[in-house]
Amino acid sequence: MKILVVSDTHGRDENFEQAVMQETPFDMLIHCGDVEGREIFIEALTECPCHIVSGNNDFFSDLPREEIVEAGNNRIFVTHGHYYGVSMDITGVIDEAKDRGCNAVFFGHTHKPLLETIDGVLALNPGSLTYPRQRGRRPSYAIVNLDQTGHLTAELKYL
């Protein structure tokens, strides 16, 4: 199983479309928030199961604040991250994932890609396809693969 993970597209579709075209085919899309009203377009473009949570800029959205996604034998806590203070420290979001029985947490908000395993939890921030903030400011996303045993591996990718 191949999962495309994105965040912080902020209503701008060009780089998102490029990432989708580069990574097709994939089996699932996870968007970690700040879609700014583009969820119907995102779902139509990807033509696969989509899990999209709301971000701090998704005003008046009906999107869920967070979600637990089951993939193989994995439980993935998906959140934008702003409620957990991820701009300062990711300990809170890691603890929340563990409290919910999740072995992975996918989040956004900082616009900076991150891939790290902490306390047995895979922490993944795909960065931002629209407004990257890391050194070099390259638009980024992530690909997560599940092997036949259900083991998760992730890779950060850049446009």
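In this predicted model, the side chains of Glu23 and Lys157 meet in a salt bridge, with 3.0 Å from N to O. The pair links distant parts of the chain, for Glu23 belongs to helix α1 (residues 14-23) and Lys157 to strand β10, 134 residues apart. The two partners differ in their surroundings: Glu23 is buried, with a relative accessible area of 5%, whereas Lys157 counts as partly exposed at 25% relative accessibility. As a general matter, side chains of opposite charge can pair when their charged atoms come close.

## Salt bridges

A search of the whole structure finds eight salt bridges. Three of them are set out below, each with its N to O distance.

| Basic residue | Acidic residue | Closest N and O atoms |
|---|---|---|
| Lys157 | Glu23 | 3.0 Å |
| Arg65 | Glu66 | 4.0 Å |
| Arg75 | Glu70 | 2.9 Å |

In the pair of Arg75 and Glu70, both residues are partly exposed: Arg75 has a relative accessibility of 27%, and Glu70 has a relative accessible area of 48%. Salt bridges that share partners also join Arg65, Glu66, Glu96 and Arg100 into one network. Within that network, Arg65 is partly exposed at 41% relative accessibility, while Glu66 counts as buried at 18%.

## Nonpolar cores

The largest nonpolar core holds 19 residues, and those that touch the most other members are Ile3, Val5, Ile30, Phe106 and Val144. Two or more residues come from each of the strands β1 (2-6), β2 (28-31), β4 (66-71), β5 (74-79), β6 (104-106), β8 (121-125), β9 (140-146) and β10 (152-158). Strand β9 gives the most to this core, with three residues.

What does Phe106 touch, not counting residues up to four places away in sequence? Its contacts are Val5, Ile30, Cys32, Ile76, Phe77, Val78, Thr79, Leu122, Leu124 and Val144. Apart from the core described above lies another core, of 16 residues, among them Val6, Cys48, Leu63 and Leu129.

## Helix α3

Helix α3 (residues 91-99) has Val93, Ile94 and Ala97 as its buried residues. Seen down the axis of α3, these buried residues fall within an arc of 105°, so they line one face of the helix. They pack against the strands β5, β6, β7 (114-118) and β8. Just after α3, Gly101 takes a positive phi of about 75°.

## Cysteines

A disulfide is a covalent bond between the sulfur atoms of two cysteines. With a cut-off of 2.5 Å between cysteine sulfur atoms, the count in this model comes to zero disulfides. Why is Cys32 without such a bond? The closest cysteine sulfur to that of Cys32 is in Cys50, and because the separation is 13 Å, the two are too far apart for a bond. Cys48 is likewise in no disulfide; the nearest cysteine sulfur, that of Cys50, is 4.7 Å away.

Cys32 is buried, with a relative accessible area of 0%. Cys48 also counts as buried, at 16% relative accessibility. Cys32 is among the contacts of Phe106, and Cys48 is one of the members of the core of 16 residues.

## Two loop positions

Is Ser54, in the loop between β3 (50-52) and β4, buried or exposed? Ser54 is buried, with a relative accessible area of 13%. Leaving aside neighbours within four places in sequence, Ser54 is in contact with Gly33, Asp34, Ser61, Leu63, Pro64, Arg65, His80 and His82. Two of these contacts appear above in other settings: Leu63 is among the members of the core of 16 residues, and Arg65 forms a salt bridge with Glu66.

Gly72 is found in the loop between β4 and β5. At 61% relative accessibility, Gly72 counts as exposed. The C-alpha atoms of Gly72 and Gly120 are separated by 17 Å, and the two residues lie 48 residues apart along the chain.

Technical notes. Residues are numbered from 1 along each chain as its sequence is written. This is a predicted model: local features need pLDDT of at least 70, side-chain atom pairs count only at pLDDT 80 or more; totals for chains, interfaces and linings use all residues. Side-chain values use heavy atoms; hydrogens and water are left out. Buried means under 20% relative accessible area, exposed over 50%, partly exposed in between (1.4 Å probe, protein chains only). A nonpolar core is a set of buried Ala, Val, Leu, Ile, Met, Phe, Trp, Tyr and Cys residues joined through side-chain atoms within 4.5 Å. Helices (H or I, at least four residues) and strands (E, at least two) are DSSP runs, numbered from the N terminus. Contact means heavy atoms within 4.5 Å. The arc is that of the directions from the helix axis to the C-beta atoms.
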